[in-house]
Every structure is written in C-alpha cells, then in structure tokens.
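Here are some short exercises to work through with the model open beside you. Try each task first, then follow the solution step by step.

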Amino acid sequence: MRFPKHPAASGVLCALAATTVLLAAAGCTSNEPRTSDDKSDGGRTKGGIAVSATDDTCAVSTTKAPSGTLVFDVTNDGSKVTEFYLYRADGKTIAGEVENIGPGLTRQLVVRAQPGTYTTACKPGMSGDGIRGRFTVTGSGTANAGADQRLLDQAAGRYRAYVTGEVDKLLSGTKQFVTAYKAGRFDRARELYAPVRAHWERIEPVAESFGDLDPKMDLREADLEEGQTWTGWHLLEKDLWWPAGAPAAKRLTDTDRAKYADQLLTDTRDLHRRVATLKYQPDQMANGAKELLDEVATGKVTGEEEIWSHTDLYDFQANVEGARFAFDSLRPVVNKKDPALGKVIEQRFAALQKDLDQYRRGDGFVSYTDLSKTQVKQLSDSVNALAEPLSRLTATVLV
C-alpha cells in the first residue's frame, strides 16, 4: 500500500463539500449505459461524468445519476498527481477508484452502481481524505440479461473462491509468522515475511476496500501522517531488517513486538471475517486488476513498498498474479465482446511474466537492490504496456 485510506470526520466533510464546484445540473451529462457501437478513440468508452481535479477543488459535472454503469472521466487540471474515489454510503468502503493521474492527463473510472448515497473524492498529492462531495444514484438497479449475466455470475463466483482461498492462506501464514516473530526466531520470521504477504498482495484491492483496516495492516512509515500510530506489516519489517546505523534504542522491545504482532493477527482475523461476507461485481474485478497494475507501477517497480527487506519483486509477482486471475475470470465475457482486446491483454501478461522470470532465484526472487536502472526500466515499460489495454477491461465487460 502506498497511502493511507480512511474517512474524513463529518465536520471536514462538510467543509470540503462546500468547495466542490458543480459544473452542470443533474442529468445534463449523459450517463446511459453504452452500447458496443458507442465507442471511440481506439475502443475507449466515450463520454461520461466529467471530473475536473485541481490541487484544491474536485468539480464533478453532476451530483446524481441513474443506477447502472457509471463512467467518470477524471481530468487532472492541477499540478500534483491525483486520485479519484467513489465511496459507498459509509464514506470509507471503496466502490471504485482510479489512481496515479498525472497533471494534464484524463483517466476513466467505470463502475456498476446500485441505487444509494455515495461520496466522490479527489486526492491531490494522493494523500489524506481528499476533497469530498455527495453523489446519489437513483432508480431501482439494473442488471445484464441472459447469457452475459450468466457469464458475469460465473466470473464473480470463481473470483470469490480465489479471494477466499487467498485470505485463508494469509491468516494461516500470519499465525506462523507471528509465532516465530514473538519467539525471537527472527531468521524464520524473515523467511516467512514475503511469501505470507504475497497472499495479501494478490487480493490487495479487496483488502484495501476496507478503508479502516488497510492502514492498520499495510501502512508504510513514509506515509504516516502527523499523530498517526504506526502498526502492521511494515513496522515489523523494519524491526526485522533494522537499518544499519539506526539508533538501537529506537528498536522495538519484546513487549512492543508481542503487542504489534498480536495486533496484526487480530486485524488479519478481522479481514478474514469481513471478506467472507463479500459478493463481487464485474466492475470490482476488472477495476481491481487495473489497480493491482497501478500498485506495481507506483510502489513495487520503484522499490518503495519493501524499503527495508527489498522483497518488492515478491509483491510484484503477487500483484500480477492477482490481476491475471481477475482477467482470466472475466475472459469469457471479453472473448464475447472484444476478443481482440483479450488477445492483446493475454500477450502483454505473458511478456511481463517473461521479464519478471529473469529475476527468479529458487522459490523466490533476487533482492530489489540487485536490479540495475536499465532492468527496472524494462520492467516498468512492460507494466505500462499491459496497463493501457487493461484499463479498457471494465468498460468492455460492462458496456
């Protein structure tokens, strides 16, 4: 995880909502579900709800839309890299997100929304609670009919089984890790660290959707906000790979280790319990695949995620596997609607995996610090080559 995601206090929400500029009255922007003919620009979905994100405003062209497929065209009109989120009624559960939007760029968020109250949020600088506004989805809900819906239901069922299996393994592995760590068997804890975290990384969009739980488990020290308590995997990572020259007096005590390890296990059990209640929609799966590639591009390929253990390539592989599984689950729908896109995505997954396989050592990978700048750029180029067609996956399966 790169940045904390948690809800704003109500007072802050009110103040931030007041800064939101409404560019058009409700209904002025077409939000009807697209047909296969309603495309342009190389197959990208055309039009949608316009969002202009600057460094201090988040202007959404309408505050309500009918239920079904919503398309947000998010343009960064500011100077900082930004993100756009659609939260559910609780203001912390993510219905959809698009990250890493550079100045001057436009990216698209496509979600299937049921009737209800939502919150939009732009996050200039990709940090904090963001500039928020209310958004209402009206109507009685929509669904695809016939064969498409059967394929989508099958995809959702397959993905649900995958996530359930991964979170089971995460909980089991975390128990082993915590036991070794609390017993002072640090070599064993270091061996377990990256393989256990891989189960988290494969389902990271699902885990991150719990906006209160994610920062407790996966927050990096570099992303701590003033006054925020640091807990989770990366706190223990730093203790296990204590930086050379860092003051020994600041290292965790045995009492601290027991406290934070137990907290990690408690939070993992909470995640396991919550995941068991989830049902998955095709937009969550398709957007999740793209989000995993964004995670690779902004955290893993840069070596920022595992800054002490340098096990970033384990995370990289797990993110790619999670994205690949979501795509494979949706592949029957893609084959029916846009087989050419499916073929391109398939080829680019294969090319990326070939590049990554160069750095395998035994059951794992070389340290990130063993990579040259040229090798990092090659991996980054492969990630970007896959990210572009993958960004069209959601519109393809929903429209």
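The chain averages a pLDDT of 86, and 86% of the residues score at least 70; pLDDT is the predictor's confidence in each residue, from 0 to 100. This is a predicted model, so local features need pLDDT of at least 70 and side-chain atom pairs count only at pLDDT 80 or more, while totals for chains, interfaces and linings use all residues. Residues are numbered from 1 along each chain as its sequence is written, and side-chain values use heavy atoms, with hydrogens and water left out.

**Exercise 1. Find where pLDDT stays under 50, then take stock of the whole chain.**

Step 1. The stretch is residues 1-46, for which the model has 105 contacts beyond four places in sequence. Contact means heavy atoms within 4.5 Å.

Step 2. The chain holds twelve helices and 13 strands. These are DSSP runs numbered from the N terminus: helices are H or I with at least four residues, strands E with at least two.

Step 3. Of the 399 residues, 53% are buried. Buried means under 20% relative accessible area, exposed over 50%, and partly exposed in between (1.4 Å probe, protein chains only).

**Exercise 2. Work out which strands pair with β3 (residues 49-53), and in what sense.**

Step 1. Two strands pair if DSSP finds at least two bridges between them.

Step 2. Five bridges join β3 to β6 (residues 68-76), and the two run parallel. Within this pairing, Ala50 has Asp73 as its bridge partner.

Step 3. With β4 (residues 58-60), β3 pairs in the antiparallel sense over three bridges. Here Ala53 stands opposite Cys58, and four residues lie between the two strands of this hairpin.

Step 4. Check the surroundings: four of the five residues of β3 are buried.

**Exercise 3. Give the strand order of the open five-stranded sheet and say which strands stand at its edges.**

Step 1. The order is β5-β11-β10-β7-β8, with mixed pairing.

Step 2. β5 (64-66) and β8 (94-101) each have a single partner strand, so one side of each is left without a neighbour in the sheet. From one strand to the next, the twist averages 20°.

Step 3. For one pairing inside the sheet, look at β7 (residues 82-87) and β10 (residues 116-122), which are antiparallel over four bridges. Tyr85 stands opposite Ala121 in β10.

**Exercise 4. Is Trp233 buried or exposed, and what is in contact with this residue?**

Step 1. Locate Trp233 in helix α6 (residues 233-240).

Step 2. Its relative accessibility is 0%, so Trp233 counts as buried.

Step 3. Leaving aside neighbours within four places in sequence, Trp233 is in contact with Thr174, Phe177, Tyr193, Val196, Arg197, Met217 and Leu264.

Step 4. Take Met217 from that list: 16 residues away along the chain, its C-alpha atom is 5.9 Å from that of Trp233.

**Exercise 5. Find the buried residues of helix α11 (residues 373-390) and what they pack against.**

Step 1. The buried residues are Val376, Leu379, Ser382, Val383, Leu386, Ala387, Pro389 and Leu390.

Step 2. An α-helix has 3.6 residues a turn, so residues three or four places apart point the same way.

Step 3. The buried residues of α11 pack against α8 (282-300), α9 (312-337), α10 (339-357) and α12 (393-398).

Key:
Axes are lines fitted to C-alpha atoms, for helices over the stretch in contact, and angles run from 0 to 180 degrees between N-to-C directions.
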